[in-house]
Structure formats: C-alpha cells, structure tokens
Amino acid sequence: MPCTSPGCTDLEAGTITHAVVYRRRTLTIDFVPAAVCPECGEARLTEETLEEITLLLQELPPDAAGTSGASGASKRLRYSRGS
Ligand SMILES: [Zn+2]
C-alpha cells in the first residue's frame with residue numbers, strides 16, 4: 001500500500017498514538033496498529049482497527065474519560081483487541 005504523497009514509498013506496519021474526540025473529551029489511544037509512511041509520517045488505519053477503537057470507546061465506563069469538573073482533560077488509553 002503506497003503513501004498518497006508524491007515521492008513517498010510504501011507504508012510500513014507500525015503503531016501510532018491516535019487521538020479521538022468522544023463525548024466531547026479528547027481520548028488518546030497508544031499503540032494503535034497502523035500503516036505508517038517512513039518518509040512523511042502519514043498513518044492509515046484499517047477498517048478493522050477503526051472498528052476496534054469504536055468498540056473500545058463503547059466499552060468505557062461513563063466516567064472513564066475523566067471526572068466531572070475536568071472538562072477538556074484528555075485521557076490516555078491503550079489499544080487492545082476485544083475478546
Ligand atoms: Zn508519505
């Protein structure tokens with residue numbers, strides 16, 4: 001799978017830190033598997049990984065993204081596959 005930027009080569013398998021906004025909080029997920037361009041750093045997630053992230057977010061307890069009064073606070077999670 002090639003990178004979309006001109007002059008770049010193929011993407012390599014690696015992991016990235018992926019930030020998502022969920023329930024108005026910013027969640028940072030470490031160790032997300034992705035295809036990463038060694039030239040420009042572009043990362044691409046697979047459909048499967050995006051689904052896993054969605055499941056990960058849905059399984060969070062309501063207060064997992066922070067406590068009340070900490071609006072805007074970010075939370076770090078670690079990517080893990082369900083089941
Ligand atoms: Zn690139």
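**Reading the turns, strands and helix**

Mentor: Let's start at Arg 23, which is exposed, with 11 other C-beta atoms within 10 Å. Keep in mind that what you have on screen is a predicted model.

Trainee: Why does Arg 23 count as exposed?

Mentor: It's a matter of counting neighbours: a residue is exposed if 12 or fewer other C-beta atoms lie within 10 Å of its own. Arg 23 has 11 of them, so it falls on the exposed side.

Trainee: And where is Arg 23 found?

Mentor: Look in the loop between β1 and β2. Those two strands form a hairpin with 2 residues between them, and Arg 23 sits in that turn. Check its backbone too: phi is positive, about 50°, although Arg 23 is not a glycine.

Trainee: Which way do β1 and β2 run, and how many bridges join them?

Mentor: They run antiparallel, with 10 bridges joining β1 (residues 12-22) to β2 (residues 25-36). If you want a pair to click on, take Val 20 and its bridge partner in β2, Leu 27.

Trainee: What other strand pairs with β2 in the antiparallel sense?

Mentor: That's β3 (residues 43-44), which pairs with β2 over 2 bridges. Ala 35 has Arg 44 in β3 as its bridge partner. This hairpin has 6 residues between the strands, and Gly 41 takes a positive phi near 85° there.

Trainee: Which strand runs parallel to β2?

Mentor: β4 (residues 74-78) does, and 5 bridges join it to β2. Find Ile 29 and you'll see it stands opposite Leu 77 in β4.

Trainee: Which residue in β2 has a positive phi without being a glycine?

Mentor: Phe 31, which lies in strand β2, has a phi near 60°. As for its surroundings, Phe 31 is partly exposed, with 13 other C-beta atoms within 10 Å.

Trainee: Now the helix. How do I read its length?

Mentor: Compare its span from end to end with what you'd expect at 1.5 Å a residue. Helix α1 covers residues 47-58, 12 residues, and reaches 17 Å from its first C-alpha to its last, close to the expected 16 Å.

Trainee: Does α1 lie largely in the open or largely buried, and why?

Mentor: Largely in the open, because the number of buried residues among its 12 is 1. To count as buried, a residue needs 20 or more other C-beta atoms within 10 Å. Leu 55 lies in this helix, and with 12 C-beta neighbours inside 10 Å it counts as exposed.

Trainee: How far is the C-alpha of Leu 55 from that of Arg 81?

Mentor: The two C-alpha atoms are separated by 9.1 Å, while the residues are 26 apart along the chain.

Trainee: How do I put the whole chain together?

Mentor: Begin with the inventory: 1 helix and 4 strands, running β-β-β-α-β from the N terminus on. Next comes burial, where buried residues make up 10% of the 83 residues in the chain. Last, look at the contacts with a separation of 6 or more: residues 24 or more positions apart account for 54% of them.

Methods
Residues are numbered from 1 along each chain as its sequence is written. This is a predicted model: local features need pLDDT of at least 70, side-chain atom pairs count only at pLDDT 80 or more; totals for chains, interfaces and linings use all residues. Two residues are in contact if their C-beta atoms, placed from the backbone, lie within 7 Å. The expected span of a helix is 1.5 Å times one less than its number of residues. Two strands pair if DSSP finds at least two bridges between them.
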